[in-house]
Amino acid sequence: MQRLLAPFRALLFSAHVLLGVAIVLVIFPFAGQIARNRINSAWSCVLIALTGARVVASGVAISANLKRDGIDPLSTGRLALANHVSWMDIFAINAVIPSRFIAKAEIGQWPLLGMLVSGGGTLYIDRGRRHAVAAMNKTVRQHLKLGETIVVFAEGTTTDGSELLPFHANVIAPALDVDAAIWPIAIRYTERGKRSSAAAFIGEMGLFTSLARVLVADQLVVEVAVLAPILNSDAVNRHAIARAARTAIAQHLCITERTTRDYSSVDCKTGQSR
């Protein structure tokens with residue numbers, strides 16, 4: 001059935017992407033960041049649904065205003081450290097809490113989707129530039145002071161979801177400078193309750209090949225779990241914070257080494273079979 005529906009979903013997906021491009025070109029130049037965030041969140045929800053997948057939010061409670069706007073202008077913002085599996089991660093997180101992302105400059109070159117990600121306010125880092133990290137940290141500090149939600153995929157690349165790579169700590173510095181909380185975000189893809197690599201965007205895989213795999217997936221679910229914040233007082237430096245965030249995400253995902261687990265039969269808080 002999924003294969004029969006895939007061509008129809010692909011057409012709707014393409015039409016929705018074109019709609020997004022039109023919104024970026026026509027509406028976004030005249031919209032403030034909160035309005036852009038609300039549009040991004042609604043648009044992302046539809047995009048995920050059109051692939052045949054659905055987003056499930058879990059973890060700590062997020063205020064209704066923050067889920068709607070992604071910004072709390074009355075407080076310092078928050079820096080989220082997330083694991084990275086797929087191009088879908090950005091849209092799944094946006095569906096839960098509209099955010100500004102830090103990403104590799106190459107993402108801006110994606111066909112059409114790159115324009116959408118850029119239009120949403122993504123901050124690109126060019127790792128080939130000598131002072132790229134320092135410039136990025138200055139920009140992140142400015143956005144955190146405005147109460148925004150900033151998300152970084154701390155592994156620096158994607159995996160198939162069965163492992164966690166070491167987390168980079170460089171981008172944590174601006175959060176420490178402005179006393180912003182660190183939010184670990186765990187992303188997991190499942191099909192019929194079992195871990196799935198259908199959405200994994202790894203190696204030399206092309207964007208359209210990845211989309212084709214997603215469109216034929218069977219009951220694909222993207223879980224976005226916002227875990228308990230890590231406060232500056234909980235860790236001595238940015239490296240300790242990166243390790244703490246990675247540990248929290250690994251525990252939630254039941255990741256120890258390279259293991260594939262059946263999440264329908266495992267309690268991920270205890271690691272024991274139900």
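1. A crossing of two helices is left-handed if the near helix is turned anticlockwise from the far one by less than a right angle, and right-handed if clockwise. In this predicted model, H1 passes H2 in a left-handed crossing. Helices (H or I, at least four residues) and strands (E, at least two) are DSSP runs, numbered from the N terminus.

2. Conventions. Residues are numbered from 1 along each chain as its sequence is written, and side-chain values use heavy atoms, with hydrogens and water left out. Because the model is predicted, local features need pLDDT of at least 70 and side-chain atom pairs count only at pLDDT 80 or more, while totals for chains, interfaces and linings use all residues.

3. Confidence. The mean pLDDT of the protein is 87, and 90% of the residues score at least 70; pLDDT is the predictor's confidence in each residue, from 0 to 100. Among the elements, strand S8 (residues 220-226) has the highest mean, 97, and strand S10 (residues 272-273) the lowest, 34.

4. Weak stretches. Residues 258-267 stay under a pLDDT of 50, and the model gives them 33 contacts beyond four places in sequence; a contact means heavy atoms within 4.5 Å. The pLDDT is also below 50 over residues 269-274, a stretch with twelve contacts beyond near neighbours in sequence.

5. H1 against H2. The axes of helix H1 (residues 2-26) and helix H2 (residues 33-50) come within 9 Å and cross at roughly 165°. Axes here are lines fitted to C-alpha atoms, for helices over the stretch in contact, and angles run from 0 to 180 degrees between N-to-C directions. The two helices are therefore roughly antiparallel to each other. The cut-offs are under 35 degrees for roughly parallel, over 145 for roughly antiparallel, 65 to 115 for roughly perpendicular, and oblique for the rest. Residues of H1 in the contact include Leu 12, Phe 13, His 16 and Ile 23, which lie on the H1 side, and those of H2 include Ile 39, Trp 43 and Leu 50.

6. H2 against H4. H2 and H4 pack with their axes 8 Å apart, at an angle of about 125°, and are therefore oblique to each other. H2 passes H4 in a left-handed crossing. On the H2 side the contact includes Asn 40, Trp 43, Cys 45 and Ile 48; on the H4 side, Met 88, Phe 91 and Ala 95 are among the residues involved.

7. Met 88. This residue lies in helix H4 (residues 88-96). Met 88 is buried, with a relative accessible area of 0%; buried means under 20%, exposed over 50% and partly exposed in between (1.4 Å probe, protein chains only). Leaving out residues up to four places away in sequence, Met 88 touches Ile 48, Thr 51, Ala 53, Tyr 189, Ala 199, Val 214, Leu 220 and Val 222. Its C-alpha is 9.9 Å from that of Ser 210, although the two residues are 122 apart in sequence.

8. Cores. A nonpolar core is a set of buried Ala, Val, Leu, Ile, Met, Phe, Trp, Tyr and Cys residues joined through side-chain atoms within 4.5 Å. In the largest core, of 50 residues, Trp 87, Met 88 and Ile 93 touch the most other members. A second, separate core of 32 residues includes Met 136, Leu 144, Val 171 and Ala 225.

9. Positive phi. Gln 219, in the loop between helix H8 (207-215) and S8, has phi near 55° and is partly exposed at 45% relative accessibility. Cys 254 has a positive phi of about 60° in the loop between helix H9 (238-253) and strand S9 (266-267); Cys 254 is buried, at 8%.
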